[in-house]
Amino acid sequence: MAIIYKYSFAKKIIETNTIVGNNYNDVKELPQEIIYENNEIRINLNPRDVVYGLGQSTRGMNKRGGIYSSFCSDVVMHLEESPSLYGAHNFLLIHRDNPIALFFDTPSKVTFDVGFTDSNLIRITMEEWNGACFFIKGENSLDIIKEFRILIGESYLPPLYGFGYQQSRWGYKNEEDIKNVVDKYEENDIPLDAVYLDIDYMERFKDFTINSEAFPNLKDFIANLKQKGIHLIPIIDAGVKIESGYDVYEEGIKNNYFCQDENGNPFIASVWPGLVHFPDFLNSNASKWFGSHYKKLISLGLDGFWNDMNEPAIFYTPKRLEIAIKAVKETKDTLDLNVYDYWALLGNFEKLANNILDYKDMYHVVENKKLNHYDVHNLYGYNMVKGTSEYFKENYKERMFLISRSSCIGMHRYSGIWTGDNRSWWSHLELNIKMMPNLNMVGFLYSGADTGGFGSDATRELVCRWLEFSLFTPLFRNHSSIGTRNQELYNFSNPKEFSNLIKLRYALMPYLYSEYLKALKNNTLLFTPLALKYQNDECCLEIEDELIVGDSIMIAPVYKPNTTKRYVYLPEDMLLVRFRGYNDYDTKKMSKGHHFISVKLFEVLVFILPGKMLLLTEPKNSTSKLNMLDLIAIANVNPTAKYEYFLDDGKYINSEIKKYEIVANEEKTIIKL
Ligand code: GLC
């Protein structure tokens with residue numbers, strides 16, 4: 001049993017809506033181990049303590065040795081030294097004998113120095129100490145996480161189709177391009193549940209418009225795809241193009257729904273459509289109004305969306321561009337610049353995007369109070385999503401698919417996230433593996449990375465290895481940037497092998513979906529670090545490249561190039577299932593300890609825990625065609641394996657979860673429910 005305490009600093013400048021539970025006790029003092037003085041919180045670490053948390057952040061699963069700031073950022077390169085990514089997830093868990101977790105409920109930036117300056121010290125600073133620090137104590141780290149998840153509320157549940165394989169690319173321009181993708185997947189017998197529409201489907205990147213030359217019959221097109229079990233998922237960006245006659249712009253101006261500058265005029269920035277205003281999502285009327293515009297797209301038959309650029313990302317503001325140009329003009333006669341002046345000149349342009357000074361020039365009006373954007377920055381993307389999601393829930397019975405790029409804790413109740421613009425780098429596959437448990441801790445169960453990598457060129461080997469991992473992540477999307485090598489699976493040699501891999505995902509769907517429902521309802525992790533499950537096993541403490549997925553299995557993905565073997569540590573005896581395809585596998589009993597195991601390309605290793613089982617069904621080319629009640633169990637029957645299967649209709653908001661008790665006495669058991 002874990003207990004949550006709440007210590008308040010100065011009053012929050014705005015309601016964050018991050019928590020929903022009342023499972024906490026107000027206290028006037030922080031505990032002994034949390035020192036708060038000189039505008040800094042300090043916590044001493046023992047050398048063996050592991051520090052988890054910070055959801056979407058760079059570096060390892062154990063955050064020690066890094067400095068991070070929670071400030072939702074549009075980051076072009078996810079480098080080891082990048083302090084922030086797109087989410088603000090202010091949660092830290094110090095895993096040790098007497099574990100403790102901290103959560104900072106504030107709309108403002110928080111900086112976490114986790115043993116960077118001093119390896120045995122955590123130092124936490126905020127520019128404005130407003131909001132509260134929740135600290136959670138308990139005997140067991142997993143209990144602490146559970147209690148925290150109860151505090152922040154139940155995670156988002158997408159429709160079942162959101163668990164299917166999804167193909168995306170920035171660069172599909174018209175109906176033919178999409179049709180070509182769908183046809184090629186079909187020809188190559190590779191399952192597919194969704195294709196994404198990136199910004200090109202719009203008329204000059206204007207939200208809620210359709211480029212009718214490129215998509216002359218979108219409604220019919222959508223309906224035809226749906227018959228095949230394929231959904232189209234369009235992008236919606238935060239910025240609204242400034243263009244007279246454009247309804248969203250006109251309505252926003254008329255009702256004062258846009259963020260303001262210091263003089264009370266709509267704040268101007270540039271993003272994909274050129275000059276834009278940003279809806280003031282913190283104003284609930286504005287966020288409701290923006291949410292209601294999705295109706296136009298829903299009425300065409302669309303039932304899924306991705307909200308993007310909602311940190312909000314800024315390419316430049318006219319104000320700062322002018323400063324940069326002026327500096328160039330002033331220097332044009334002094335071409336003999338010293339290096340510092342040259343860097344300063346260049347810096348003016350390099351710092352145009354996402355400049356903090358621009359965020360400081362932007363304002364929200366919430367209940368007649370003018371708030372500086374910088375101070376409440378982390379709530380922006382969250383409130384965009386909240387408006388979208390609430391509109392869906394008020395108007396439709398079916399669950400809507402929704403993912404967002406920017407996020408903060410609390411938003412996990414409304415949508416999932418993808419992890420943003422990663423690259424086709426092996427290190428980003430590794431980052432993806434290590435990030436998943438930390439995302440789960442802060443409530444983001446529905447998440448996944450751009451499989452294969454967004455930027456840079458992917459190789460067949462990287463895409464294969466990445467799919468081998470992603471086929472366990474709830475969001476299973478291959479997305480890439482315009483200008484990079486095409487990474488739709490049929491573009492690589494021998495697509496049959498990819499078909500086998502994706503079919504394995506569909507075969508595993510009963511298990512993956514059931515475990516998702518369990519993690520959601522029981523406030524548990526879908527991806528658990530070994531150190532949290534096997535707390536008395538010293539060997540597990542440092543393992544970051546093996547994960548427990550759900551309740552029954554452990555995975556050990558390959559994330560290095562030119563590798564066909566890997567080291568695996570087994571904390572107990574397990575049953576290894578080596579999948580070469582969904583119906584081509586063999587099993588081997590493995591004993592607790594250290595192993596060096598062969599893993600050829602396109603092989604997926606699954607380790608079944610003692611007394612546990614994995615469920616499979618016959619794969620189909622879309623989730624809509626799967627029979628989730630016709631199952632095969634592969635079980636580790638030492639001792640007799642038991643499984644509690646959770647299943648709902650995969651469609652409606654209020655659908656009931658049915659629970660089936662399954663018992664297997666043999667390694668392979670056929671079950672018809
Ligand atoms: C952003 C998104 C990316 C998208 C691109 C174009 O970079 O993160 O996923 O493809 O914008 O819309």
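Asn 38 is exposed, with a relative accessible area of 69%. In this predicted model, the residue sits in the loop between strand 3 (35–37) and strand 4 (40–44). The phi angle of Asn 38 is near 50°, a positive value in a residue other than glycine. Most residues other than glycine have a negative phi, and most peptide bonds are trans. A positive phi is also found at Asp 189, where the angle is near 55°. Asp 189 belongs to the loop between helix 2 (175–187) and strand 14 (194–197). With a relative accessibility of 30%, Asp 189 is classed as partly exposed, because that class covers values between the 20% limit for buried and the 50% limit for exposed residues.

Cis peptide bonds were examined next. The bond from Glu 311 to Pro 312 is cis, with omega near 0°. Pro 312 is placed in the loop between strand 19 (304–308) and helix 7 (318–331). Another cis bond joins Asn 638 and Pro 639, with omega about 0°. Pro 639 is likewise a loop residue, located between strand 37 (630–635) and strand 38 (641–647).

Side chains of opposite charge can pair when their charged atoms come close. The count of salt bridges in the model comes to 45. One of them is formed by Glu 37 and Arg 42, whose closest N and O atoms are 2.7 Å apart. Glu 37 is partly exposed, at 38% relative accessible area.

A salt bridge also pairs the side chains of Arg 460 and Glu 497, with an N to O distance of 2.7 Å. This pair links distant parts of the chain, since Arg 460 is in helix 13 (residues 460–470) and Glu 497 is in helix 14 (residues 495–507), 37 residues apart. Arg 460 has a relative accessible area of 19% and therefore counts as buried, the cut-off being under 20%. Its partner, Glu 497, is partly exposed at 28%.

In the salt bridge between Lys 589 and Glu 667, the closest N and O atoms are 3.8 Å apart. Lys 589 lies in strand 33 (residues 584–590), whereas Glu 667 lies in the loop between strand 39 (658–664) and strand 40 (668–672), so the pair ties together parts that are 78 residues apart in sequence. Lys 589 is exposed, with a relative accessibility of 66%, and Glu 667 is partly exposed, with a relative accessible area of 26%. Elsewhere, a network of salt bridges links Asp 74, Asp 308, Glu 311, Arg 405 and Asp 421. Glu 311 of this network is the residue that precedes Pro 312 at a cis peptide bond.

Nonpolar residues were considered both in the interior and at the surface. The largest nonpolar core contains 188 residues. The residues with the most contacts inside this core are Phe 91, Ile 178, Leu 232, Phe 278, Phe 305, Phe 472 and Leu 615. At least three residues of the core come from each of domain 1 (3–152) and domain 2 (510–672). Another core, of 24 residues, lies apart from the largest one and has Ile 43, Val 51, Leu 102 and Cys 133 among its members.

At the surface, Val 339, Tyr 340, Tyr 342, Trp 343 and Leu 346 make a nonpolar patch of about 560 Å². Trp 343 is part of helix 8 (residues 339–350). The relative accessible area of Trp 343 is 52%, so the residue counts as exposed, the limit being over 50%.

Methods. Residues numbered from 1 in each chain as written. Predicted model: local features only at pLDDT ≥ 70, side-chain atom pairs only at ≥ 80, totals over all residues. Heavy atoms only, no water. Patch = residues over 30% accessible without salt bridge, like charges linked within 9 Å, V, L, I, M, F, W, Y side chains within 5 Å. Areas by Shrake-Rupley, 256 points an atom, 1.4 Å probe, with all protein chains shown as cover. Salt bridge = Lys/Arg side-chain N within 4 Å of Asp/Glu carboxyl O. Helix = DSSP H or I, 4+ residues; strand = E, 2+ residues; numbered from the N terminus. Buried < 20%, exposed > 50% of the residue type's maximum accessible area, 1.4 Å probe, protein only. Core = buried A, V, L, I, M, F, W, Y, C linked by side-chain atoms within 4.5 Å. Domains from an automatic or database assignment.
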